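The following account is intended for a reader who meets this structure without prior acquaintance. It is best read with the sequence and the three-dimensional view at hand.

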Amino acid sequence: MHDQKTLLENRLTRFVAEYLEPALYRATAPLDLSWWQAPGEPVPAAEAFGQDYVPVQEGMAWGRPWSTTWIHVTGSVPPEWGDVAGTSVELVVDLGFEGHQAGFQAEGLAWTPQGTTIKAISPLNHFVPLDASTPVDLYLEAAANPNVAHTRHLDGLDLQQPTPYGDPATAGEEELYELRQCRLGLLDREVWELLGEVWSLNGLMRELPETLPRRAEILQALQRMLDTLDPDDIAGTAAAARAELGEVLSRPAYASAHRLTAVGHAHIDSAWLWPVRETIRKCARTFSNVVALADADPDFVFACSSAQQYAWMKEFYPELFERIRDCVQRGQFVPVGGMWVEADTNMPGGEAMARQFVAGKRFFLENFGVETEEAWLPDSFGYSAAMPGIVRASGSKYFLTQKMSWNQTNKMPHHTFWWEGIDGSRVLTHFPPVDTYNSDLSASDLARAERQYREKGVATMSLVPYGYGDGGGGPTREMVATAHRLASLEGSPTVTMGSPRAFFDAAAAEYEHPPVWTGEMYLELHSGTYTTQARTKRGNRRSEHLLREAELWATTAAVRLGAEYPYAELEELWHLVLLQQFHDILPGSGIAWVAHDAERNYAAIERRAEAVIATATGALAGVGERPLVFNAAPHGRRGVPALGAGQTVAAPPVTLTQDGGRVVLDNGIVRVVVDERGQISSLVDAASGREAIAPDESALRLQLHRDLPNNWDAWDVDVHYRRSLTEIDGVDAIETEETPEAVAVVVRRSFGSSTVSQRIVLAAGAPSVEVVTELDWHEKHKLLKLGFPLDVHAAAASAETQFGHVQRPTHANTSWEYARYETCAQRWLHVEEPGYGVVVSNDCVYGHDVNRTARPDGGSTTTVRLSLVRGPEFPDPEADQGRHLSRITIRPAAAIADAVEEGYRTNLPERVVNGAADVAPLLTVSHPAIVVEAVKLAEDASGDVVVRLYESRGGRAAGELVAGFDVSSVEFTDLLERPIGHPRCRATDTGASLALRPFEILTVRIARG
């Protein structure tokens, strides 16, 4: 038997679907249609308007994957429509939409013939408002974006299937869509209002407990509404039906109701299941919708991050950008986040993450006069422990994320809290309990926010971002109407449309002593993104360090020689690097097109940055034949000073001896034994004489795992991968190489369909052994790791993050530790016991795991492994296939200070330029723990020198910063180079006297005398 509620729900569902929704438009009328199908990539509107259009009709197929079709729509509104009260005229379009998913299929943008955008067309927002008194004349730019996200549903899992659509070369020529409808519609506004009210009340009723009278009252009101509606005359009875709902809609919310700030939102991935070029158009479509909503409703507020997306509008849609600017001035289109893109926060280096805020906040200040105060990263895959310090150093003080709700094992214990970073900085952080950044303001969403809110009793408010997202779309008129309807409704949280800043200011005032979360916010999901698309990872790391060199040497040449500083070129290169750090590009979770674009961009960055470096170093070196080593690292090496150039000091030669099947390399500092399997069986430093490799073990172990994530192919490495392991220890050949500077053992192997060559190199004077791995990878659903079992009893591993490092336990005492089985490190990972440690550094690897195991002798082995490459098939079926190159070093007897130095040494190889004389450093720092991260000229083109430093070891450090040029003034600034002062540092005649707390970031601006 069914209860009364179930019977009503069944009756309501059928009536809405079969009678109410079809009555939304009282009448429709045909229009004249013609189209032009662009032969290749999208073209500007002005160019499209001038093409030859051919007549078409509804029902015609269109749209090769990724193609564009321009539809010219003309005609007249029937005269009798102009006198129908309670109606409005719209263009109604169905491009052939599949289901109700916005942003992942065909989309359109309506234009006036004068080149003004009107609004977008998508499955759940498929109308264009028209003026009934004028002829219809507009263009639709229809994008045939394929549904790359097609999934197979199986027992609660959404399984993505490999697809050819992510690469234009394999996407095919078949037309994907049918122009089902493109005609006039006479909208019945009374029916439209009724549909919204029924949707809200029905949803609320479903959420209320059965024992509450309120639930029964809503049920009875809906019954009366259905009884009043005449299925044969919906238009004539809709007003009376709405009246039956008036009383239950008018009752105000309880005084204790949870308070929600509803912020319009449209999370637009800057690339994901579409390329960057399509993201630009997605932004134009979404932002056109937003400005139309803002013009129609003064209460509407929309928050949008990512300065890059605004910059695209300024470049490609200047008329729309000016309308956005007007909305910004009215406080309705609110820039947030202060970053160039919503970046991954685990893999970008320290200076790159700083530049995300420098570039983003500068754009917002220069174009809108807006100071963004909140970092806004709802969808990035975890948040590094350095972020609070970087956010505060940028001048911001708030942080928002939603992604932590995706944790597989543990729930975040707070929704509003202080987040404390590695340097002690804190930002007020909000984690919306609604658990989505794409809410439609449904009753279920709002009830979930109220139910899950963890600060009950001490605070009362949370934020709900609403609007279609990921693929864009943003809020709809239906959502805005819902927000008004739910401003105060009994049984529901209250809803107030507002800005993020208004929410944060109110939350800070209400919640005086929130709890503290210290350290990284590790996402217990998507740890495969530290490895997927390894060439993208390499491109990012290489680009970051090339730009460090380019700025350093260009600044040195400008100060010492008066050379022209390439401001515009360096800014363009930085913007391109920052774009690639978006949280679906750098993590490797995009389609093939995205990965190919990234690789082309990194090649261009390398070419252009190398040109800047060559120009600057050539000028600094002068004309001569002396081989000068330019050392861009913050530490001296082989007699060459940090940040300077000179000739190296000769080191004793390296010896290579063979003992049976073993090869012994020795440079007087480190002794390495390579066994007959091509693995490192011994690694001893001369100073301590201690063996670094665990007893009866060997390092440099290639280990192949089956890699079949439960759900998200490119994103996840699930813990069960450890159950399947194959040692790749077969040897095809072992060879030796000797030069005056270094000796090497070359090991070649083959497995499956892949081959690998590893050069084990010991250089003269080097404190570490280097391994260069060249891999030709052709495996699918496999994970290749490189392991180093070490004779170290390490309770924790230290992993480099931005401007410092984090420590993570090597055990799994708690569920939080257990869930952190694959982690991110940047240039190095260090393990130690008191008095002895080992560092493993790399030039392109981010994914790591560290485990400690017991030995029969009672000791323990700490194994450090690096994830080299994967083979997922969605969304890119060919992800990681092909050639890869990585450079890894292992340094025994290493303290944290050595780890920091080794990371820079590995990523900033010496650069030899023939010249006349040494180049003295532009700046020196007296304390070795204070590291120079960047040297550049000021953003305002004043010629001032800006140096970014940080304390690198996790302790306090005092020292002198001395400039190698005349100084007229010194200021301590935020990341944007604005003076902020400093309580412990002071200016001197030659630079600055520094006193830094652990991991403190410091920016110093020096005006030249």
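The paragraphs below treat the sheets, a helix pair, the empty spaces and some local backbone features in turn. The model is predicted.

A suitable starting point is an open sheet of three strands, arranged in the order S26-S25-S46 with antiparallel pairing. Its edges are formed by strand S26, residues 644–646, and strand S46, residues 911–915, each of which pairs on one side only. Neighbouring strands of this sheet are turned against each other by 35° on average, direction ignored. Strand S25, which spans residues 626–631, pairs with S26 in the antiparallel sense over three bridges. Within this pairing, Asn-631 stands opposite Gly-644 of S26.

Two helices accompany this sheet. Helix H14, residues 534–561, packs on the sheet and touches S25, S26 and S46. The direction of H14 makes about 30° with that of S46. Helix H16, residues 592–621, lies across S25 and S46 and runs at about 40° to S46.

H14 also leads to the enclosed spaces of the model. A search of the whole structure finds seven cavities of 30 Å³ or more, and the largest cavity has a volume of about 180 Å³. Of the 19 residues lining the largest cavity, Glu-351, Glu-544, His-545, Arg-827 and Glu-933 are the closest to its centre. Which elements supply at least two residues each to this lining? They are helix H9 (350–368), H14 and strand S48 (930–937). H14 gives the most, with six residues. By character, the lining of the largest cavity divides into eight nonpolar, four polar and seven charged residues.

The largest pocket is a separate topic. About 1500 Å³ of space lies in this pocket. It is lined by 42 residues, and those nearest its centre are Glu-21, Leu-24, His-100, Leu-124 and His-126. At least two lining residues come from each of helix H1 (4–20), strand S1 (25–29), strand S6 (87–94), helix H3 (189–207), helix H11 (443–452) and helix H12 (477–485). The largest share, eight residues, comes from H3. The lining of the largest pocket comprises 20 nonpolar, 15 polar and seven charged residues.

H3 has a further role in the description, as one member of a helix pair. Two packed helices are described by the angle between their axes and the distance between the axes. For H3 and helix H4, residues 213–228, the angle is about 145° and the axes are 9 Å apart. H3 passes H4 in a left-handed crossing. On the H3 side the contact involves Leu-194, Val-198, Leu-201, Asn-202, Leu-204 and Met-205, which meet Arg-214, Arg-215, Ile-218, Leu-219, Leu-222 and Met-225 of H4. The residues of this contact divide into nine nonpolar, one polar and two charged.

A second sheet may now be considered. It is open, has five strands in the order S18-S19-S21-S20-S24, and shows mixed pairing. Why do strand S18 and strand S24 each have one side without a neighbour in the sheet? Strand S18 (374–376) and strand S24 (516–518) stand at the edges with a single partner strand each, so one side of each is left without a neighbour in the sheet. The twist of this sheet averages 30° from one strand to the next. Strand S19, residues 398–400, pairs with strand S21, residues 426–430, in the parallel sense over three bridges. Tyr-398 has Leu-428 in S21 as its bridge partner.

A hairpin provides a further case of antiparallel pairing. Strand S27 (residues 655–659) and strand S28 (residues 662–666) pair in this sense over five bridges, and Thr-655 stands opposite Asp-666 in S28. Two residues lie between S27 and S28 in the hairpin, and Gly-660 in the turn has a positive phi of about 65°.

Two loops complete the account. Asp-470, in the loop between strand S22 (461–466) and H12, has a phi near 70°, a positive value in a residue other than glycine. In the loop between strand S44 (860–870) and strand S45 (882–891) lies Pro-875. A cis peptide bond joins Phe-874 and Pro-875, with omega of about 10°.

Key:
Residues are numbered from 1 along each chain as its sequence is written. This is a predicted model: local features need pLDDT of at least 70, side-chain atom pairs count only at pLDDT 80 or more; totals for chains, interfaces and linings use all residues. Side-chain values use heavy atoms; hydrogens and water are left out. Two strands pair if DSSP finds at least two bridges between them. Helices (H or I, at least four residues) and strands (E, at least two) are DSSP runs, numbered from the N terminus. Axes are lines fitted to C-alpha atoms, for helices over the stretch in contact, and angles run from 0 to 180 degrees between N-to-C directions. Contact means heavy atoms within 4.5 Å. On a 1 Å grid over the protein atoms alone, a cavity is a set of points where a 1.4 Å probe fits but cannot get out, and a pocket is an open set with protein on both sides within 12 Å along at least five of seven lines; lining residues have an atom within 4 Å of a point. Grid points are joined across faces, edges and corners, and a volume is the space filled by probe spheres set on the points. Ala, Val, Leu, Ile, Met, Phe, Trp, Tyr, Cys and Pro count as nonpolar, Asp, Glu, Lys and Arg as charged, and the others, Gly among them, as polar. A crossing is left-handed if the near helix is turned anticlockwise from the far one by less than a right angle, and right-handed if clockwise.
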